[in-house]
Amino acid sequence: INGKAYIDIAHKAECKDFIEYKSYILSSNGFDNHISLKSKQNGNHQYRVSSKYYQLIDDVKRKMYPNGKKIFSKHWIKQLDAWALAILWMDDGCLCRQHKKRADGTIYEYQFGIISTQSFDYQSQCNIIEWLKTFGIVATINHSKDKYRIRMNRDNLKKLITIVAPYVKEVPSMVYKITI
C-alpha cells in the first residue's frame with residue numbers, strides 16, 4: 001500500500017455511461033480525471049476513469065486499507081446515504097433468480113439479491129449489514145467458497161430497489177439491476 005494513491009475505476013464498454021457518471025461525480029468534487037478506452041487481451045474493451053494523485057485519496061486509502069486489507073468500518077457507515085447504497089448496488093449488486101420445487105412438484109422462481117462484498121473481511125460484512133438496517137433492509141452473511149457476501153431475500157431486495165431506483169435510473173446501462 002505504499003506509493004501515491006489515485007482513483008482508477010474500470011467497467012466493461014457497455015457501461016460507458018456508468019464511467020461517465022463516476023467521472024462527473026469526481027469532477028463535481030474537485031478531482032481532475034480522464035476517461036480512456038482500454039482493450040484487453042481477450043478482445044473485450046473497458047472504459048476507465050482515472051484521477052491524478054490527491055493527498056485526500058491517500059488519506060482515505062490508508063483508512064480503508066489498514067494493514068493492506070480492505071475494511072468497511074462503522075466510521076464510514078455514519079457518512080453514507082441512499083445514493084452511496086445505489087453506487088454500491090450498481091457496482092456490486094446482483095439480482096438473482098433460482099428455480100425451486102414445491103412439495104406438490106410445481107416449480108416456482110425465487111428472487112433474491114446479492115451484494116458481492118467478498119473483498120471485505122467478516123467484521124466489515126457485519127458493518128454493512130448494520131448499515132442496511134438503517135434503511136429497513138434485513139440481510140444476512142452468505143458463505144461463498146472461502147469468502148463472504150451479503151444476501152437479501154425477495155422482500156428486502158424489493159426494499160433496496162425502491163430506495164436505489166431513483167439514482168440507478170440516472171445510469172441507463174444499470175437499470176437492469178432494478179428490474180425484477
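Q: Which residue takes a positive phi in the hairpin of S6 and S7?

A: Happy to start there. This is a predicted model, and in its hairpin of S6 and S7 the residue with a positive phi, near 60 degrees, is Lys145. Two residues lie between the strands of that hairpin. Strand S6 covers residues 140-144 and runs antiparallel to S7, joined to S7 by five bridges. One pair you can look up is His143, whose bridge partner in S7 is Tyr148.

Q: How do I read the sheet that holds S4, S5, S7 and S6?

A: Here is the general idea: strands of a sheet pair through backbone hydrogen bonds, in a parallel or an antiparallel way. In this case, the sheet is open, has four strands in the order S4-S5-S7-S6, and its pairing is antiparallel. Strand S4 (93-101) and S6 are at the edges with a single partner strand each, so one side of each has no neighbour in the sheet. On average, neighbouring strands are turned by 45 degrees against each other, direction ignored. Inside the order, strand S5 (residues 107-115) pairs with S7 over three bridges, in the antiparallel sense. Gly113 has Met152 as its bridge partner in S7.

Q: Which strands do H4 and H5 meet?

A: H4 packs on the sheet and touches S4, S5 and S7, its direction making about 60 degrees with that of S4. H5 lies across S5, S6 and S7, and runs at about 15 degrees to S7.

Q: How is the packing of H1 and H4 described?

A: In general, a pair of packed helices is described by the angle between the axes and by the distance between them. For H1 and H4, the angle is about 145 degrees and the axes are 12 Å apart. Their crossing is left-handed. To find the meeting place, look at Phe18, Tyr21, Lys22 and Ile25 in H1, which meet Trp83, Ile87, Met90 and Asp91 in H4.

Q: How many residues are in the largest nonpolar core, and which have the most contacts inside it?

A: A nonpolar core is a set of buried nonpolar residues joined through side-chain atoms within 4.5 Å. Here the largest one has 33 residues, and Trp89, Met90, Trp131, Leu132, Leu160 and Val164 have the most contacts inside it. Two or more residues come from each of helix H1 (16-28), helix H4 (82-92), helix H5 (122-133), strand S7 (147-152) and helix H6 (154-168). H4 gives the most, with seven residues. Take Leu132 as an example: leaving out residues up to four places away in sequence, Leu132 touches Leu85, Ile115, Ile137, Ala139 and Ile150. There is also a second, separate core of eight residues, which includes Ala5, Leu26, Val49 and Tyr54.

Q: What is the order of strands in the sheet of three?

A: That open sheet has the order S1-S3-S2, with antiparallel pairing. Strand S1 (8-12) and S2 are the edge strands, each pairing on one side only. From one strand to the next, the twist averages 20 degrees. S1 is joined by five bridges to strand S3 (residues 45-51), and the two run antiparallel. His11 has Tyr47 as its bridge partner in S3.

Q: Where is Asn33, and which residues is Asn33 in contact with?

A: Asn33 belongs to strand S2 (residues 33-39). Apart from neighbours within four places in sequence, Asn33 is in contact with Ser23, Leu26, Ser27, Val49, Ser50 and Ser51. The side chains of Asn33 and Ser23 are joined by a polar contact of 2.6 Å, and a polar contact of 3.1 Å joins the side chains of Asn33 and Ser27.

Notes
Residues are numbered from 1 along each chain as its sequence is written. This is a predicted model: local features need pLDDT of at least 70, side-chain atom pairs count only at pLDDT 80 or more; totals for chains, interfaces and linings use all residues. Side-chain values use heavy atoms; hydrogens and water are left out. Buried means under 20% relative accessible area, exposed over 50%, partly exposed in between (1.4 Å probe, protein chains only). Contact means heavy atoms within 4.5 Å. A polar contact is a pair of N or O atoms within 3.5 Å; within protein, one must be able to donate a hydrogen and the other to accept it, and residues adjacent in sequence count only if both atoms are side-chain atoms. Two strands pair if DSSP finds at least two bridges between them. Axes are lines fitted to C-alpha atoms, for helices over the stretch in contact, and angles run from 0 to 180 degrees between N-to-C directions. A crossing is left-handed if the near helix is turned anticlockwise from the far one by less than a right angle, and right-handed if clockwise.
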